Amino acid sequence: MRRRSRMIAVLAAVVGGGLAVIGATQPWLEATLRDGAQAVLPVPGTEALPLVTPLGLAALALGLALSIVGTVLRYAFGVIGVLIGASLLVESLRTALTAPPEAVVGVVADATGLAGVEAVGTLVSAITVTAWPWITAVGAAAVCAGGVLTLVTARSWRSTARRYRTDAAAEARRPGGSRPHDSHDPIDSWDDLSRGSDPTV
């Protein structure tokens, strides 16, 4: 159960952060211009919500770090995970629900040469929301849930450092030359043969 909780928390942060990073490169909004051709301008996540990439990368790093840190840092990272996930969730939902005109200003300016929210109102007839803000919101919820799970179960996780110390102590207690055969790699076996020893005995 302890190992499962740790694995779920790590996967939640990594998968959620990964969805945010992928979503940042995808079109979140589509702005339709008021012209005869009804040109549609795709607005990527990095333009609609500039924080999506740094928050997604932070969640990824957090998930990877959770697998190796001690108890105190687990709690700290759990709090950070909740804050990252909640911030990304709120902003992604805001973009998905309101399709704010300011989110398309940069793309419209690049296409028409006119900048500002007023120009968007004049030049854009419709702003359509794609699935990617919602997908990013799901990833953000996963990051937030992973942070909560970390805070709830962090004390029961087995310390990686303690496990390594235990393994090292067990190895040190073995009599000299009593290495198990399954620990031999090809180089060890070759060295044994060079010394005239049969590694299979």
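User: What percentage of the residues in the chain is buried?

Analyst: A residue is called buried when its relative accessible area is under 20%. In this predicted model, 36% of the 201 residues in the chain are buried. The accessible surface of the chain amounts to about 11,300 Å², and carbon and sulfur atoms account for 65% of that surface.

User: How many helices and strands are there in the chain, and in which order do the elements run?

Analyst: The chain has nine helices and three strands. Read from the N terminus, the elements follow the pattern α-β-β-α-α-α-α-α-β-α-α-α.

User: How should the sheet be read, and what is the order of its three strands?

Analyst: Strands of a sheet pair through backbone hydrogen bonds, in either a parallel or an antiparallel manner. Here the sheet is open, its pairing is antiparallel, and its three strands are ordered β2-β1-β3. Strands β2 (40–44) and β3 (124–129) each have a single partner strand and stand at the edges, so one side of each lacks a neighbour in the sheet. From one strand to the next, the twist averages 25°.

User: How many bridges join β1 and β3, and which residue in β3 is the bridge partner of Leu 29?

Analyst: Strand β1, residues 27–33, pairs with β3 over five bridges in the antiparallel sense. The partner of Leu 29 is Val 129 of β3.

User: Which helix lies across β1 and β3?

Analyst: Helix α7, spanning residues 132–153, lies across these two strands and runs at about 160° to β1.

User: What percentage of contacts in the chain join residues at least 24 apart?

Analyst: Of the contacts between residues at least 6 apart in sequence, 71% join residues at least 24 apart.

How values were computed:
Residues are numbered from 1 along each chain as its sequence is written. This is a predicted model: local features need pLDDT of at least 70, side-chain atom pairs count only at pLDDT 80 or more; totals for chains, interfaces and linings use all residues. Side-chain values use heavy atoms; hydrogens and water are left out. Two strands pair if DSSP finds at least two bridges between them. Helices (H or I, at least four residues) and strands (E, at least two) are DSSP runs, numbered from the N terminus. Axes are lines fitted to C-alpha atoms, for helices over the stretch in contact, and angles run from 0 to 180 degrees between N-to-C directions. Contact means heavy atoms within 4.5 Å. Buried means under 20% relative accessible area, exposed over 50%, partly exposed in between (1.4 Å probe, protein chains only). Accessible areas come from the Shrake-Rupley method with a 1.4 Å probe; for residues, only the protein chains shown count as cover.
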